[in-house]
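Please look at the model below and work through some questions about its aromatic rings and one of its helices.

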Amino acid sequence: MEKLFEISGLNIYLQIGVTVISIAGHLIFTKRKRRKDMVIEIIAIYTICLSGWFALVSGVVGHLFYADQVAGSIGWPVNSGFQMELGFAAAGIGLIGFLGFWKRSFWLPYIIARSIFLFGAGITHVVHIVQHGNLSPSNTGIVLYWDFIFPVVLIAIYVLYKRSKKARSQFRIEK
């Protein structure tokens, strides 16, 4: 298991792969007539809720059970209480996103919390690169890019979902 932590961004690659496969599988095996708003909702469901699941699992497993390995891969000190705090924060934020499978009203709070968390992490990584020359694998590369790109993806998907939902409700009224 420890060898898995040597693959920087593994949780990100897994999240992308599982999300794409889940969306594709749902669309392939859905027999209903496809509408644009339905496709957008399916993309939103899996992107938001699976990212919550991955935040929950990677936060708990990585920052609680393998805290020293994760800290080392980021280039941060080991045996630090911040890993436990980070693990619980990631678990809480992730749980809100995962529960979005059943409660759409959880989506926006999750997106706000996760986006602030990721942007903050990204800024922290950049500061550590510039000020300390920290070029550790989990402080750079896909991890750093993800911190800035994924919040934009979450926000864009949510906006598209809300617009398609609004357009559909207006279409029903005008009928």
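The questions and answers below go from ring pairs to burial and then to a helix.

This is a predicted model, in which local features need pLDDT of at least 70, side-chain atom pairs count only at pLDDT 80 or more, and totals for chains, interfaces and linings use all residues. Residues are numbered from 1 along each chain as its sequence is written, and side-chain values use heavy atoms, with hydrogens and water left out.

Q: How are the planes of tyrosine 46 and phenylalanine 101 arranged: stacked, tilted or edge-to-face?
A: Rings of Phe, Tyr and Trp (its six-membered ring) pair if their centres lie within 6.5 Å; planes under 30 degrees apart are stacked, over 60 edge-to-face, and the rest tilted. Here the centres are 6.2 Å apart and the planes stand at 75°, so the pair is edge-to-face.

Q: Is tyrosine 46 buried or exposed?
A: Buried means under 20% relative accessible area, exposed over 50%, and partly exposed in between (1.4 Å probe, protein chains only). Tyrosine 46 has 17% relative accessibility, so it counts as buried.

Q: Which residues form one aromatic cluster with Tyr46?
A: Phenylalanine 101 also pairs edge-to-face with tryptophan 102, at 5.8 Å centre to centre and 65° between the planes. The cluster joins Tyr46 with Trp53, Phe98, Phe101 and Trp102.

Q: What do the buried residues of H4 pack against?
A: Helices (H or I, at least four residues) are DSSP runs, numbered from the N terminus. In H4, the buried residues include Leu86, Ala90 and Phe98. By contact (heavy atoms within 4.5 Å), the buried residues of H4 pack against H2, H3 and H5.

Methods: Helices (H or I, at least four residues) and strands (E, at least two) are DSSP runs, numbered from the N terminus.
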